[in-house]
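User: Could you walk me through this model with me asking and you answering? I'd like to look at a few local spots and then at the whole chain.

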Amino acid sequence: MAEKKTPPKRKKPAPSGKKPAAKVAAAKRASKPGQDAAKPAPTGAAPASETPFPALPAADLETLETISRNVMQSALKSQKLMADMMRRSLEGDPALTPQADPLHASPELAQTWENVLGDPELLLQAQSDLYRGYLDLWAGATKKMLGEDAPPVIEPEKGDKRWRAPEWTEHPMFDAMRQSYLLNQRFLLSLVNNAKGIDEETRRKVNFVTRQMIDAMSPTNFALTNPDVLKATFETKGENLSRGLMNLVNDLERGNGRLALTQTDMEGFEVGKDLAATPGDVIYRNAVMELIQYAPTTDTVRQRPILIAPPWINKFYIMDMRPQGSLIRWLTEQGFTVFLISWVNPDQSMKDATFEDYIRQGLFQALECVEQATGERQVDAIGYCIGGTMLGSALALMAAEKDDRIASATFFAAQLDFELAGELLVFIDDEWFKEIGRLMDVQGGVLDGRTMADTFNMLRANDLVWSFVINNYLLGKTPQAFDLLYWNADQTRMPKTLHLYYLERFYKNNALSKGELELGGHRLDLKKVKIPVFMQASKEDHIAPADSVYRSARLFGGKTQYMMAGSGHIAGVVNHPDANKYQHWINEALPESREEWLSGAKENPGSWWPHWKAWLMTMNDTQVPARKPGGGKLKPICPAPGEYVKVRS
């Protein structure tokens with residue numbers, strides 16, 4: 001006989017004839033389409049504080065259609081882009097050859113971690129510190145969850161801007177996440193930095209690669225663990241993510257398959273109008289450079305002109321940005337006749353240009369032009385960064401050739417001794433040289449500006465890479481116009497022969513400081529340079545470290561003044577007196593070590609420019625009538641800033 005089935009029990013109706021709260025809410029949403037659902041919770045619902053995140057707001061049809069349209073457009077563009085990349089890859093386009101380890105750091109990483117794992121004492125100490133940190137973090141997080149105050153177990157490094165959102169310190173969950181990340185960061189770096197049996201070059205590379213990986217894994221870089229992104233997602237109903245996807249696709253498309261991260265509005269400025277706008281004229285041009293003579297702003301000028309050799313790795317207008325911060329404009333206002341070399345943005349036709357070509361066709365040709373334009377044989381020369389490296393080499397060559405056309409030399413953030421050359425040393429080894437050579441061969445004998453920009457951005461990845469990943473792709477914002485970032489993105493190309501020579505002879509072999517560099521048939525000796533020298537360094541410079549510049553200052557055979565400014569590679573140099581920012585240290589002596597120099601140095605507030613001007617004037621203060629561009633033997637070719645600086649890479 002069939003078993004009798006018990007009918008299922010019916011749910012009791014809601015008391016007083018009321019519908020369940022969920023059905024009431026659904027009915028209200030259905031009756032009022034498009035209305036924001038951010039209303040008080042129905043009776044019986046859990047308090048908002050018991051849920052980790054606020055309820056998703058109801059999206060109206062128009063919003064859904066907008067998101068769908070944006071996502072559809074992004075998907076279609078992505079498909080087209082991926083299809084094009086696949087086609088190029090199948091055709092053997094070397095620009096798209098994947099490089100899983102572009103720094104070729106795998107051997108060094110393997111060696112370092114093998115040594116770490118073979119050191120029980122180091123492992124035990126690091127694990128003990130990590131365990132103790134997590135115990136303290138757990139205790140503090142528990143107190144915060146109960147509404148009590150708890151001091152942080154670990155704080156981020158000074159200047160780390162990733163944790164500016166208040167939730168990272170005020171919300172218990174995000175605060176615990178932040179401190180957990182910092183504890184893990186400290187743990188990994190302590191193992192790498194304290195590994196035994198590792199040479200300094202290996203340790204430097206492994207530390208750099210480890211930091212890159214740690215920075216990439218920061219909780220700030222992911223949508224679900226970044227409070228700013230979560231808030232934006234709820235407030236915009238997800239449109240920030242669809243806009244971010246469009247931004248990502250556009251950057252990939254602009255980079256022709258390589259990510260060209262947008263840092264600023266590249267249409268927000270015009271060189272010659274908003275930037276590099278100090279009046280003057282180009283009075284000479286050859287294949288390597290244009291020479292600019294700037295218009296005077298005073299009735300009389302100092303008799304001896306100034307000639308500036310900027311770096312060719314960047315555009316010169318970092319010294320002529322906005323008028324209120326322009327070094328070049330300030331020099332003309334102080335009564336100097338200013339000439340400046342504007343380097344060409346080289347194309348494939350210049351792949352064989354040499355370091356000596358840049359000295360003879362650039363600096364030496366400019367000296368001849370200054371004499372034709374003013375009648376003055378001698379100048380006070382300035383070299384900035386790599387332009388300073390060239391200037392120092394040229395001075396040693398001029399000493400060998402008995403050429404006295406440079407009466408004094410000033411160096412801005414420039415290195416001649418590369419023993420302590422800073423973070424860029426991580427890119428100097430045989431494997432990296434092969435990779436750079438491969439890239440330049442792919443690009444027809446030049447290194448493109450984007451590769452140079454990517455290299456410098458890696459040195460400050462959190463500020464110059466990940467902050468824009470968050471802003472552009474997760475928050476879906478468009479970068480604003482910012483002059484310094486515009487200049488940073490306006491990179492130049494590098495000729496293969498010149499660039500490899502510079503990396504090998506200076507960074508890798510440190511040949512100039514050792515007296516092993518040869519040019520024009522002469523072995524260069526900086527001790528034979530007897531002219532007055534002014535060496536500017538910046539306290540926080542990560543490209544030309546203050547210690548490295550100090551070692552460079554001690555190479556000369558004459559009177560050298562070393563001066564250290566506050567801030568870094570750019571702000572330490574370009575610091576207009578009217579800004580009243582930072583400070584500088586002065587000590588006329590030049591003892592063996594920078595630590596000894598610093599102990600005897602006097603700290604002064606504000607810009608160092610007035611002190612430098614006084615140094616220049618002590619050597620020559622004779623005044624002559626102001627010189628206008630074209631007033632000598634060389635006539636104007638075109639208005640400043642010329643044509644070369646406007647060529648984009």
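User: Where does C385 sit, and is it buried or exposed?
Analyst: Happy to start there, with the reminder that this is a predicted model. C385 has a positive phi of about 55° although it is not a glycine. Its place is in the loop between β6 and α12 (386-400). The relative accessible area of C385 is 15%, and buried means under 20%, so C385 counts as buried.

User: Which loop holds K237, and how exposed is K237?
Analyst: K237 is another non-glycine residue with a positive phi, here about 60°. The loop that holds K237 runs between α8 and α9. With values from 20% to 50% counted as partly exposed, K237 falls in that class because its relative accessible area is 31%.

User: What about G375, buried or exposed?
Analyst: G375 is found in the loop between α11 (355-374) and β6 (379-384). Q303 is 72 residues away from G375 in sequence, while their C-alpha atoms are 10.0 Å apart. Exposed means over 50% relative accessible area, and G375 has 56%, so G375 is exposed.

User: Which residue is at the centre of the kink in α15?
Analyst: A good clue is the length of α15 (residues 461-474): a straight helix of 14 residues would span 20 Å, but the end C-alpha atoms of α15 span only 17 Å. The helix has a kink of about 25°. Just after α15, G476 takes a positive phi of about 70°. The kink itself is centred on S467.

User: How many residues of α15 are buried, and what covers them?
Analyst: The buried residues include A461, L464, F468 and Y473. Their cover includes α7 (200-216), α8 (227-236), α9 (239-254), α14 (449-459) and α16 (483-489). The helix is largely enclosed by the rest of the structure, because the buried residues of α15 number 10 of the 14.

User: Which way do the residues of β13 point, and how many of them are buried?
Analyst: From β13 (residues 560-565), T560, Y562 and M564 point one way. Q561, M563 and A565 point the other way, and all are buried. That gives a buried count for β13 of 6 of its 6 residues.

User: In which sense do β12 and β13 pair, and what is the hand of the crossover between them?
Analyst: Strand β12 (residues 533-538) pairs with β13 in the parallel sense over 6 bridges. One of the partnerships is that of S538 with A565. Between the two strands the chain passes through helix α18 (residues 546-553), and this β-α-β crossover is right-handed.

User: Which residue of β14 is the bridge partner of A565?
Analyst: Strand β14 (residues 583-586) runs antiparallel to β13, and 3 bridges join them. In β14, the partner of A565 is H584.

User: What is the omega of the cis peptide bond that joins A640 and P641?
Analyst: P641 lies in the segment after β17 (638-639). The cis bond between A640 and P641 has an omega of about 10°.

User: Zooming out, how many helices and strands are there, and what share of the residues is buried?
Analyst: The chain has 20 helices and 17 strands. Among its contacts between residues at least 6 apart in sequence, 80% join residues at least 24 apart. The accessible surface comes to about 32,200 Å², with 55% of that belonging to carbon and sulfur atoms. Of the 649 residues, the buried share is 48%.

Technical notes: Residues numbered from 1 in each chain as written. Predicted model: local features only at pLDDT ≥ 70, side-chain atom pairs only at ≥ 80, totals over all residues. Heavy atoms only, no water. Helix = DSSP H or I, 4+ residues; strand = E, 2+ residues; numbered from the N terminus. Buried < 20%, exposed > 50% of the residue type's maximum accessible area, 1.4 Å probe, protein only. Contact = heavy atoms within 4.5 Å. Areas by Shrake-Rupley, 256 points an atom, 1.4 Å probe, with all protein chains shown as cover. Pairing = 2+ DSSP bridges. Right-handed = clockwise from strand over helix to strand, strands pointing away. Expected span 1.5 Å × (residues − 1). Bend = angle between axes of the 7 residues up to and from the residue.
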